[in-house]
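Q: I am new to this structure and would like a close look at its enclosed space, followed by a careful walk through the parts around it and beyond.

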Amino acid sequence: MNIFEQQQKEFQQRHIGPDTHETKKMLKTIGVSNSDELIDQTVPPSIRMKEMLQLPEAMNENEYLQHIKEISLKNKVAKSYIGQGYYDTITPSVILRNVFENPGWYTQYTPYQAEISQGRLQSLLNFQTMVSDLTALPVANASLLDEGTAAAEAMTMFFNLLNRDHDHISRPKFFVDQHVFPQTMDVLITRAMPVGIEIVTGDYEKISLDETFFGALVQYPDNLGSVTDYREFIRKTHEIKAYVAMATDLLALTLLVPPGELGADVAIGSSQRLGVPLGFGGPHAAFFAAKDDFKRSIPGRIIGVSVDAEGKPALRMALQTREQHIKREKATSNICTAQALLANMAAMFAVYHGPDGLTNIAKRITILTRALGDELEAEDYELVSRNFFDTIVIKNVDVKSIRPRAEEAGINFRYLPDNLVGISIDETTTFSDVLDILLLLDKENDNNVAQFGIDEDAPLDHIPTELTRTSDFLTHPVFNTHHSETQMMRYLKSLENKDLSLNTSMISLGSCTMKLNAASEMMPLSWSHWSRIHPFAPKDQVKGYLQIVKELSDYLNTITALDACSLQPNSGAQGEYAGLLVIRKYHEGRGDHHRNIMLIPISAHGTNPASAVMAGMKVVVVKALENGYIDVTDLKAKAEQHAQNLAGIMITYPSTYGVYEETVKEITSIIHQHGGQVYMDGANMNAQVGLTAPGFIGADVCHLNLHKTFAIPHGGGGPGMGPICVKKHLAEYLPGHVFFSNGNRSEGAVSAAPFGSASILLISYAYIRMLGRDGVKSATEYAILNANYMRARLQNDYDILYTNHNGQCAHEFIVDLRPFKKSAEVEAEDVAKRLIDYGFHAPTMSFPVPGTIMIEPTESEDKAELDRFCDALISIRREIKDIEDGNADRKNNVLKNAPHTQSVICNNEWNKPYSREQAAFPLTYVRETKFWPSVARVNNTVGDRNLICTCQPIESYMESEA
């Protein structure tokens, strides 16, 4: 390779950890002579693709950044007054630089290991507190995917609470007011149909609800901007023992009576306008708050307050027994991620501005809106409503005349049926912007509007007195302290320092693929031509985004050997759901409405059965063999037994046990023979790209976790993206969207925005363009190399479960810790917590096999880091041996007491039967880069028994210290 070719492929060397010299050493440890031999021993020849992927050649980083800048300029940054749940906002620079653009925040994983996650747990608790305060509802979760999803989750929760027996539904109806956002309605229809929910729409003032209704949804302020008093409607709904959810706006709630005080059971919405960029639709953090009665039914994650082993306050994810890997097909939701990074940004927006700052932003917005409305009425325009917060809708507008002039002036209004025009004012709107709008709408062209002024002191009489907020909010000190940039910068850094991220050390979580999120992949997300685009902007303003959508879809189709792609699902679980809906619609389209049986292997991720149930299917579990393979005999029997009703099968490849099953083509063939479709979970695509492909193996549908294989960061628990690729015969059943159908409801959307969390698609696009066709294949090969190197280093000290007939694993492998429970009373959790003392995040615990850890190093880690991790596990094995041999106490030892905090190590008293050095610095490398957990082992039981999920007063911490 000459020096110019080297430059062209420079990103491959930067993304992939081991260099040529290290690779040779690692291959020698494994016992093979070269990489080709390793791949031949690992990947079954029957599924190997012979052709190279038809992808572009690699770009170097500088070339790529120029390329993506040129595409960005095809987007037009207009002043968008479209609203509809999406608003331009000002992201404070201190938050942009220190959170959004900071790998210390965006490369974290979901906070399952609470001891090394206290920073983001605190920030997410701030988010919950903010939501709870503003909505006046006591329990809030740590975010959901988008407003449409949150509304659907509220509907589903109500439905399940009042219809315990899904085979005999007594209350099937859900009322949705006609002035709910259309994209929310779109998602509700999609989610309702498969499970037997009947959606009824109409005017909330005229609808007559009876005992066949289980709940209702209203928008506050509504789709036309009107601020309405729903108290009487809520009272009547409660009389029939049904529930009410309100979709609302957090910024508006600084001025409006909150849903909790109106009597609502649940409040949902988006926190996007609190400093989170538009990004053509996402990612944004939705919120979900509820009355205390619903705390054990709320979907998503809840951050709760507990104590650690020292009795000090500590945070953790509460009520985790609600999650799908435990409940599986009995789960009421398939949510396995959130929008943590964006929730953190929204929370920090509230921390930085405080209650007065937020209120002032809201007042500026509503004063400008009122001034605009007053002046338009003076110009003889008629408003749909005189009660509003930030949105006015004007009647009888000459849209044919106004629209082209507005768009030429770089102004986007919302154009509604019947010549209605909506105008939504946001945080970025200035006095000058309002003047531009008035000049554009000046009927007489007399320029009198240029004389208009704004009376800041005039009462806000466009908000009814009975709906004007009087209650306090955001009273906790965290929202009233960090208002200078210096304070805020230090607060953010103090939280970041508590968390272990990829900028600290390897995070080897099996089935999670925590690979490098390269800076050049991330940088364009902050550029205004990507970040300030409204998801419902005119198509000729979003040509850059549409080019990325088209090219990335083509690349993903090529990689999966499938034919059509939808980029709409904005999480892996949502991709599963969308893929299953495609299969359902396909069967229905052929008249096979009865095909509702989905076969799912026992080893499947818990979201698989949960998604199948949500898609209206019945789950039949397929057994596994001792070696982890799907039991083909059992599969055949069940496929034959359910042949008449078989919808399909959900499989993961390589399997969740970390092996390539040689029988996979036989498995897909059996399903097709019995009229079913094959759904492939793309969680393990990092072991497929360039070597094999779902379509080549026999899959009809596959979802891809772009936040795993294609380098989107995990963000501490979101964002993610879960696009689906399908065979040609399924293409017509891909998700639709109201945006594509000119305002007509499409009955098929799974996300609120047409392309889900569109802005982060840039990351996966960059990953493919900079690695190129050779690089993406090399990434797969090195993922397999790194995993097998670690397996080879650990196999003499631990039992390795599930390797193939050559003794090799795929890109991940399972270490069996179960024998130590008997020999030393050591559990998997003890090993996980002890790894923290060595500076590492634990691998995936007890999935897919209880009492084990699953290790996935990815291709991005170099040999030295792999060795440090292996050295740590080997050292822990020696510590277990000391217990087994009686040289260490079975109850009071370095594992049971792990992790050890700095305060414990530095305490004047030390009564442990081992040294401080052994506790804190067990290996030499730990001294050089010691990462201290900020709390000792967290007590899970206390947190669940006493659920506290908002910030506690400072006095509670003082009492704990005392």
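Q: How many cavities of 30 Å³ or more does a search of the whole structure find, and which residues line the largest cavity and lie closest to its centre?

A: The model is a predicted one, and a search through the whole of it finds 10 cavities of 30 Å³ or more. The largest cavity holds about 230 Å³ of space. It is lined by 25 residues, and those closest to its centre are Q84, G85, Y87, F181 and D249. By kind, the residues of this lining divide into seven nonpolar, 12 polar and six charged.

Several strands take part in the lining of the largest cavity: β6 (243-249), β11 (391-394), β13 (414-416) and β14 (420-424) each supply at least two residues. Among the contributors, β14 gives the most, with three residues. The loop between β13 and β14 is the place of D418, a residue other than glycine whose phi is nonetheless positive, near 65°. D418 has a relative accessible area of 67% and is therefore exposed, since exposed means over 50%.

A second residue of this kind is S511, which is also not a glycine and has a positive phi, near 70°. S511 sits in the loop between α17 (485-496) and α18 (519-522). The surroundings of S511 can be read from its relative accessibility of 7%, which counts as buried because the limit is under 20%.

Loops also hold two cis peptide bonds that a reader may wish to find. One is the bond from G282 to P283, with omega near 10°, and P283 belongs to the loop between β7 (266-270) and β8 (286-290). Another cis peptide bond joins Y653 and P654, where omega is about -15°; P654 is placed in the loop between β18 (646-652) and α24 (664-673).

Turning to the helices, α8 (residues 118-135) consists of 18 residues and reaches 25 Å from its first C-alpha to its last, close to the 26 Å expected at 1.5 Å a residue. This helix is mostly covered, with 17 of its 18 residues buried, and after it comes A136, whose phi is positive, near 60°. Helix α20 (residues 543-560) likewise has 18 residues, and its reach from first C-alpha to last is 26 Å, close to the 26 Å expected at 1.5 Å a residue. Because 13 of the 18 residues of α20 are buried, this helix is largely enclosed by the rest of the structure. The residue that follows α20 is A561, with a positive phi near 60°.

Helix α29 (residues 863-884) can be checked in a similar way: its 22 residues should span 32 Å at 1.5 Å a residue, and its end C-alpha atoms are 31 Å apart, which agrees. Just after α29, G886 takes a positive phi of about 85°.

The model also contains an open sheet of four strands, in which the order is β22-β23-β25-β24 and the pairing is antiparallel. At its edges stand β22 (799-801) and β24 (844-845), each with a single partner strand, so one side of each is left without a neighbour in the sheet. In general, the strands of a sheet pair through backbone hydrogen bonds, either parallel or antiparallel. Here β24 is joined by two bridges to strand β25 (residues 852-855), and the two run antiparallel. Within β25, M854 is the bridge partner of T844.

The cysteines complete the picture, for a search of the whole structure finds zero disulfides. C725 is in no disulfide, and the nearest cysteine sulfur, that of C565, is 3.9 Å away; a disulfide would need the two sulfur atoms within 2.5 Å. C725 is also buried, with a relative accessible area of 0%. For C809, the closest cysteine sulfur is in C870, and the 11 Å between the sulfurs is too far for a bond. C809 is buried as well, with a relative accessible area of 1%.

Note on methods
Residues numbered from 1 in each chain as written. Predicted model: local features only at pLDDT ≥ 70, side-chain atom pairs only at ≥ 80, totals over all residues. Heavy atoms only, no water. Expected span 1.5 Å × (residues − 1). Buried < 20%, exposed > 50% of the residue type's maximum accessible area, 1.4 Å probe, protein only. 1 Å grid on protein atoms, 1.4 Å probe; cavity = no way out; pocket = protein on both sides within 12 Å on 5 of 7 lines; lining within 4 Å. Points joined across faces, edges and corners; volume = space filled by probe spheres on them. Nonpolar A, V, L, I, M, F, W, Y, C, P; charged D, E, K, R; others polar. Pairing = 2+ DSSP bridges.
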